[in-house]
Structure formats: structure tokens, C-alpha cells
Amino acid sequence: MQVQRGTAPRRGGSTFSGGTAVIYLDHAATTPLSAAAWRAMEPYLREHFGNPSEPHAAGRAARAGLDAARESVAATLGCAVGEVVFTGGGSEADNLAVLGRLAAGGRVVAGAIEHPAVREPLLAYGGEVAWAPVAPDGVVDLDALSALVRPGDALCCVMAANNVTGAIQPVAEIAELCAERGVPLHVDAVQAAAGCDVRALPGESTMAIAAHKLGGPKGVGALAGRGLASLPAVVRGGGQERGLRPGTENVAGAAALAAALDERQGPGAVAERAARAALRDRLEREVGLPVASAGAPRLPGHALLLAGVRGDLVVHQLDGAGICVAAGSACAAGSAEPSYVLAAMGIDPATARGAVRVTLGPESTAAEVDAFLAAFAPARAGLQRAVESVA
């Protein structure tokens, strides 16, 4: 899609691919670029393209934009300006936090359902990692985690909300117990940044966010929190971003992240999230299937349907009908293995393979939900008949 100068890309549940209209219900994977994010980034792609480390006029103009973006993100997240480091995305922010804390070794406690950007570095870590279990609703077991976290631990990792189920985790309570025991906490807030606040996290806490989950562009994120002050660097270079993320900064991306985050936490955000949750609840009622984490507090647009037939085949069928949804997590696309998140919740492999993730965005409509419901039932029924015919 070509974007003309001075105009914003199309936004909303419906988009266009090759001239064909599709209904986009996969906002947990990524979101369309908002008009506010585009307006914020465009000047730094064209007029103010200088390197913000240079002292000349072009560099100063870029530096001013970077400083303004940092101030905006800090104000929205409730932290000091010096407690925001821009990164190349959420995964990089997670890795900087996790690998930095583990550079000197030590024991780690982490939730069993962490995103691969946290989970994979921990699986590759040579030291001790204690995995905190989750309840059947997908929420970390607070009592079990409390028993695992010990004074002297190098790090505790718990995500703000799960990317597969949408289940919101008890981060505030976990932050309190980590602070009491002097253990640094890292929170992957990539999926939940629209409702997160760093000021609610005491102690040496850090938080990762990503622009493209909020209506910003891909390839930019941030690591924020008081824990940055004691976080060792694991990448070396020119010293930008407190030395934690060296390299010439993506000024346009930072400006867009700031605008998108501000928009998603603006005056109408609470009402919008409530309306989206109501639309999601109607979808779940009318589809008439079990829903993972249905009894837990969840992100407003998340619905993980347990379809009873292979989720990847359902996704393929719906794609043919012009509807975009996901089978489990986009990060695990192409894998035949059931989600480790659902396994941690005690869901059997056959049921887990039937997971279909439908995620609504701020501009998703009732008409789009109606179209999904109309297409989903025959797609699922057709797959069931096919399975029965070869059984």
C-alpha cells in the first residue's frame, strides 16, 4: 500500500490486500498504523532526518524530536525521562532486560507462560530457572510464585498479560513481593501497554513495550522503569540510550510510539476498552464454544476459542472468506506443536491444537463480528465433516 505525503494510512478492522477487502481480527499479532502515529513520524522521515547525535542544525532538530518522544512516553507510563530507553521492538527490550540481569549469573524465577522473547533467553541460560505455574484460568499462581522468589535472586519475570489467552497477570502484587525481597522484576507489557503504568511497580522494575501493538509502526519499542539504573549493558557501541541500546536512534519510530501510546491511554481509552470487551463477550456468547481463560481478567479484545478441530485449518478456511484470525500465537506460526501456554494451563494437546485466537481492535465493529460469526460456523462444520469422513 502506497502512502501519499500528508495522508494517513487506512485504519480499522477492515483493510485492503491486493485490492481485496478483508476483515482484520488479529490485533494481538499487530495493529494498523494510526493516523496520530503517522502524523508524528512523518516529519522525521522527511524534513528532520538528521542523526540526533550530531551537534549541527539537522542533528539538533532530530534530537529535539527524540527528547520530546521520550518525555511523552515517560509521562504516559509514569516514570522519569531518564528511565526510558528506546529499542528496536518488544523482543529486544525483553532481551536487554533479561540478559543484562543474568550477565553476572544468579537464580531466576519466571512465569510458565512467558513470551518467547523472555522464555527463550531463559531456556538458553546456564543458571537455575524456577518456573512459576499458572492456574487453569491462565493466571500465575501467586502463592506458588511467592514461595519461589527468594532474597538474592537475580531476576523475576512475569508478563502483564498473555499474548495467547489475553489473561491479565497480577503484576502489582508480584512487584510488591519482589520489592520486599530485593529482587529485580521485569514485566513484558508488550500485549498490555495500553493500560500499564510503571509508577505502580516498586523496587527495581523494568517494563517492555512495542509500538506495533498500539497502532504504531513495527521495529520500535521501549524499555522503561527504575530498574534501568542498575541494569548492565549487553550490547556495546556508540553509547546511545544510556549505553543499553547503542546505535543511531529511530527518531521517527520513537515519535510514533509516543503518539500511539498517548492515544491508547487518552481520555476515551477506558470507555473504548469497555465497549470492545462487550463486543468480544457477544462474539463468545454467540459462537457457543469453550473459551480459554474465560474466567480470568482479560484484555478487552482477546478471545481464544477452543474450536474442537485444528485451529490452523480453521484459520485457512476463514482466510479464504476474507477474515484474518490466528491459530494460537503468531510467534508460533507454522509449528505443529500445541501451545506451551495452553499446556501450562492443563489443556490437553488435542484441545490446544484447536485454539483459534480472535482479537478485536479499537475500531473493530459489530458488523465485522457478525461477518466472522457467519463465516466461522460453516468453516468449522465443514472441517468436522471432513474429519468424520476419514475416521
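User: How many disulfides does this structure have?

Analyst: In this predicted model, the count comes to zero disulfides.

User: What makes Cys-178 a residue in no disulfide?

Analyst: The nearest cysteine sulfur to Cys-178 is that of Cys-156, 3.8 Å away. A disulfide needs two cysteine sulfur atoms within 2.5 Å, so a separation of 3.8 Å does not qualify. Cys-157 is likewise in no disulfide, with the sulfur of Cys-156 as its nearest, 6.6 Å away.

User: Are these two cysteines, Cys-157 and Cys-178, buried or exposed, and how do you know?

Analyst: Buried means under 20% relative accessible area. Cys-157 has 0% relative accessibility, so it counts as buried. Cys-178 has a relative accessible area of 1%, and therefore it is buried as well.

User: What is the order of the strands in the open sheet?

Analyst: The open sheet has seven strands in the order E3-E9-E8-E7-E6-E4-E5, and the pairing is mixed.

User: Why do strand E3 and strand E5 stand at the edges?

Analyst: Strand E3 (84-87) and strand E5 (129-132) each have a single partner strand, so one side of each is left without a neighbour in the sheet. From one strand to the next, the twist averages 20°.

User: How do you know that E3 pairs with strand E9, and in which sense do they run?

Analyst: Pairing requires at least two bridges. E3 and strand E9 (residues 221-224) are joined by four bridges, so the requirement is met. The two strands run antiparallel. In E9, Ala-224 is the bridge partner of Val-84.

User: In which sense do E4 and E5 pair?

Analyst: E4 and E5 pair in the parallel sense, over four bridges. Within this pairing, Val-109 stands opposite Ala-130 in E5.

User: What makes both faces of E4 covered?

Analyst: On one side of E4, Val-108 and Ala-110 are buried, and on the other side Val-109 and Gly-111 are buried. In a regular strand the side chains alternate between the two faces of the sheet.

User: Which strands does helix H4 touch as it packs on the sheet?

Analyst: Helix H4 (residues 116-124) touches strand E4 (108-111), E5, strand E6 (155-157) and strand E7 (185-188). The direction of H4 makes about 145° with that of E5. Helix H2 (residues 57-77) lies across E3, strand E8 (205-210) and E9, at about 115° to E3.

User: Which residues of H4 are buried, and what covers them?

Analyst: The buried residues of H4 are Ala-117, Val-118, Arg-119, Pro-121 and Leu-122. Their cover includes helix H3 (90-102), E4, E5, E6, E7 and helix H10 (340-344).

User: Over which rings does the charged end of Arg-119 sit?

Analyst: The charged end of Arg-119 sits over the ring of Tyr-340, 4.0 Å from its centre. It also sits over the ring of Trp-131, 5.6 Å from the centre of that ring. The distance limit is 6 Å, so 4.0 Å for Tyr-340 satisfies it, and so does 5.6 Å for Trp-131.

User: Why is Thr-87 called buried, and what does Thr-87 touch?

Analyst: Thr-87, which lies in strand E3, has a relative accessible area of 4%, so it falls under the 20% limit and is buried. Not counting residues up to four places away in sequence, Thr-87 touches several residues, among them Glu-92, Leu-96, Gly-221 and Arg-245. The C-alpha atoms of Thr-87 and Ala-254 are separated by 8.8 Å, although these residues are 167 residues apart along the chain.

User: Where is Asp-26, and why is Asp-26 called buried?

Analyst: Asp-26 is found in the loop between strand E2 (20-24) and helix H1 (35-45). Its relative accessible area is 10%, so Asp-26 is buried. Leaving aside residues up to four places away in sequence, Asp-26 touches Cys-324, Val-325, Ala-326, Arg-357 and Thr-359.

User: What is the phi of Glu-241, and what is the phi of Ser-293?

Analyst: Most residues other than glycine have a negative phi. Phi of Glu-241 is near 50°, a positive value in a residue other than glycine. Ser-293 is not a glycine either, and its phi is positive at about 60°. Glu-241 is placed in the loop between E9 and H7, and Ser-293 in the loop between helix H8 (269-287) and strand E10 (302-306). Glu-241 counts as buried because its relative accessibility is 6%, and Ser-293 counts as buried because its value is 4%.

Notes: Residues numbered from 1 in each chain as written. Predicted model: local features only at pLDDT ≥ 70, side-chain atom pairs only at ≥ 80, totals over all residues. Heavy atoms only, no water. Lys NZ or Arg CZ within 6 Å of the ring centre and 35° of its normal. Axes fitted to C-alpha atoms, helices over the stretch in contact; angles between N-to-C directions. Contact = heavy atoms within 4.5 Å. Buried < 20%, exposed > 50% of the residue type's maximum accessible area, 1.4 Å probe, protein only.
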